[in-house]
Every structure is written in structure tokens, then in C-alpha cells.
Amino acid sequence: MESAVVYGSQFGNTRQIAEAIGRGLGPEARVLEAASFSPSQLRRGSLLVVGSPIVGWKPLEGLGAWLDALAPGSLDGVRTAAFDTRVKLFIHGDAAKKIERALEAAGAERAADPTWYYVEGTEGPLLKGEIERAEAWGRSLAGGQ
Ligand SMILES: Cc1cc2nc3c(=O)[nH]c(=O)nc-3n(C[C@H](O)[C@H](O)[C@H](O)COP(=O)(O)O)c2cc1C
């Protein structure tokens, strides 16, 4: 597998962003929920993008558990990038940087700075233009491979 986008999502907004990043990465990119994905599916040089909503200043519980279960060295040689979704008017906290730290603790190399996408309210929708911005981010990540 050359590239994968792995996500957690309660209301579907993070899933939509993950799918948009996957379209930007190209037709071979796989987009899947963290529970269905093991890093052993990645070979060296692969690109792994991981995203979650911020929930109580942290990644969503299931995604956080998936990150906690990453063994040291399990992402050696894998390039990674992290994103989160958040409500525009909240005092945010952060999930993307926490995701990035967990990926790097498992051996990953950072392919891009962590980034985030805005939803209007807890259940969405995504702010106008966020899907297009996510696709463009996917294209830029693919260009860096
Ligand atoms: C229990 C709960 C706690 C939340 N905490 C935060 C928070 O600390 N900061 C923030 O910006 N958004 C927070 N949110 C808003 C989520 O980030 C928003 O619901 C999410 O981006 C939607 O993504 P999803 O549709 O993929 O679940 C919270 C939402 C819920 C349900």
C-alpha cells in the first residue's frame, strides 16, 4: 500500500475530510476507519494520514486507543501527516498535534505540519471550502512523495 488515510468520526465530518484527502492523494489511496487498519499493511516509504475530531481537547476515544496501541518502531520509514476537525467558535484544544506526537513516537517521519478543518457546530456541517482545501492538501502530500 502506497498511501492510506485513517480516521475516527462520530458525525461523519471527519470522514468527509478523510475521503477528500484520499481523492487528492490519488486513486490508489485507501481511506478507512482506524479500527479496520493495521500499520503492518504499510511498507517503508508509504504515506499515512491520520485524522480525528477534537473531543474534549483530545482525539476521539477510538482513534486515541488506536494510537496508544501503536508499537514503538511500527511506523519506521513511514511518512505521516495528521489533521483534526473542530468547531470554529470553540476554544479548541488540539487533536492533530497529539496525533502527530503519537505517530512520531511509533517511528514515523513527518511529511507535513499538522492541520485542521472547521465545522459549524458539533454535528457539522463543514464550513464552505473545507472539502476543497482537504483535496488540495491531499494533492500537495502526494506531490511530496
Ligand atoms: C463531547 C464532545 C466534545 C467536543 N470537544 C471539542 C473541543 O474540545 N474542541 C473543539 O474544537 N471541538 C470539540 N467538539 C466538536 C467536535 O470537534 C466536532 O463535533 C467534530 O469536529 C465533528 O466531527 P465528526 O463529524 O467527524 O464527528 C466536541 C464534540 C463533542 C461531541
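Tutor: A pocket here is an open set of grid points with protein on both sides within 12 Å along at least five of seven lines, and its lining residues have an atom within 4 Å of a point; keep in mind that this is a predicted model.

Student: OK, so which residues lie nearest the centre of the largest pocket?

Tutor: Pro53, Ile54, Val55, Val87 and Thr122 lie nearest the centre, out of 19 residues that line the largest pocket, and the volume of that pocket is about 320 Å³.

Student: What takes up the space of the largest pocket?

Tutor: The ligand does, and the elements giving two or more residues to the shell around the ligand are α1 (13-25), β3 (47-55) and β5 (79-87).

Student: How many residues surround the ligand, and which are the closest?

Tutor: There are 18 residues around the ligand, with Ser9, Asn13, Thr14, Thr85 and Thr122 as the closest; by class, the shell divides into eight nonpolar, nine polar and one charged.

Student: Switching to contacts, which residue has a side-chain N or O atom 2.7 Å from a ligand oxygen?

Tutor: That is Asn13, while for the backbone, an N or O atom of Thr122 lies 2.4 Å from an oxygen atom of the ligand and one of Val87 lies 3.5 Å from a ligand oxygen.

Student: And how much of the ligand's accessible area does the protein cover?

Tutor: The protein covers 85% of the 640 Å² of accessible area that the ligand has on its own.

Student: Back to the pocket lining, how does it divide by class?

Tutor: The lining of the largest pocket has nine nonpolar, nine polar and one charged residues, and α1, β3 and β5 each supply at least two residues of that lining.

Definitions and conventions:
Residues numbered from 1 in each chain as written. Predicted model: local features only at pLDDT ≥ 70, side-chain atom pairs only at ≥ 80, totals over all residues. Heavy atoms only, no water. Near = heavy atom within 4 Å. Polar contact = N/O pair within 3.5 Å; in protein donor to acceptor, adjacent residues only side chain to side chain. Areas by Shrake-Rupley, 256 points an atom, 1.4 Å probe, with all protein chains shown as cover. 1 Å grid on protein atoms, 1.4 Å probe; cavity = no way out; pocket = protein on both sides within 12 Å on 5 of 7 lines; lining within 4 Å. Sits in = over half its atoms within 2 Å of the grid points. Helix = DSSP H or I, 4+ residues; strand = E, 2+ residues; numbered from the N terminus. Nonpolar A, V, L, I, M, F, W, Y, C, P; charged D, E, K, R; others polar. Points joined across faces, edges and corners; volume = space filled by probe spheres on them.
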